[in-house]
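Trainee: Could you take me through one part of this model slowly? I would like a close look at a single loop and how it sits in the chain.

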Amino acid sequence: GRLVLYRATGPAPHPVRNPADERDDGALGWDGVCPQLEVVRVAGHHLALLDPPYVDEIAAHLSRALAERAPSP
């Protein structure tokens, strides 16, 4: 099925940063197992995505994506 990956554009802050987790591929390897993958890049670092304004951007995108796929009455 369809999968949306919200990907932070910035590096994680130092205390949670793990160089082993830093990858160059935009899909972080998920495209190999999810052929219907949509990658949405969101400004900010990994932990910041849980706070405004980043979470608002994610919520807006997710609302649009769900509305597009909702069955018609």
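Mentor: Happy to; we will start with the whole chain, move to the loop between the two strands, and then follow the chain onward.

Keep in mind that this is a predicted model. The chain has one helix and two strands, and along the sequence they come in the order β-β-α. The C-alpha trace spans about 50 × 30 × 15 Å along its principal axes. For 73 residues, a compact globule would have a radius of gyration near 11 Å, whereas this chain has 14 Å. Buried residues account for 19% of the 73.

Now to the loop. Trp-30 lies between β1, which covers 2-8, and β2, which covers 36-42. Is Trp-30 buried, exposed or something in between? Its relative accessibility is 43%, so Trp-30 counts as partly exposed; the label buried would need a value under 20%, and exposed a value over 50%.

Next, look at what Trp-30 touches. Setting aside residues up to four places away in sequence, Trp-30 is in contact with Leu-3, Leu-5 and Leu-37. Take Leu-3 as an example: 27 residues separate Leu-3 from Trp-30 along the chain, yet their C-alpha atoms are 9.2 Å apart. For the chain as a whole, 62% of the contacts with a separation of 6 or more are between residues 24 or more positions apart.

Leu-28 is also found in the loop between β1 and β2. Leu-28 has a positive phi of about 55°, although it is not a glycine. With a relative accessibility of 27%, Leu-28 counts as partly exposed.

Let's follow the chain past this loop. Pro-53 sits in the loop between β2 and α1, the helix at 54-69. A cis peptide bond links Pro-52 to Pro-53, with omega at about 5°.

Finally, compare the loop with the nonpolar core. The largest such core consists of five residues, namely Ala-8, Val-40, Val-42, Leu-49 and Ile-58. Beyond its neighbours within four places in sequence, Ile-58 makes contact with Tyr-6, Val-42 and Leu-49.

On the outside, the accessible surface comes to about 5,400 Å², and carbon and sulfur atoms supply 58% of that area. The chain carries 7 positive and 10 negative side chains, with the centres of the two sets 3 Å apart.

Note on methods: Residues numbered from 1 in each chain as written. Predicted model: local features only at pLDDT ≥ 70, side-chain atom pairs only at ≥ 80, totals over all residues. Heavy atoms only, no water. Helix = DSSP H or I, 4+ residues; strand = E, 2+ residues; numbered from the N terminus. Rg over C-alpha atoms; globule rule 2.2 N^0.38 Å. Buried < 20%, exposed > 50% of the residue type's maximum accessible area, 1.4 Å probe, protein only. Contact = heavy atoms within 4.5 Å. Areas by Shrake-Rupley, 256 points an atom, 1.4 Å probe, with all protein chains shown as cover. Lys, Arg positive; Asp, Glu negative; His and termini not counted. Charge placed at Lys NZ, Arg CZ, Asp CG, Glu CD. Core = buried A, V, L, I, M, F, W, Y, C linked by side-chain atoms within 4.5 Å.
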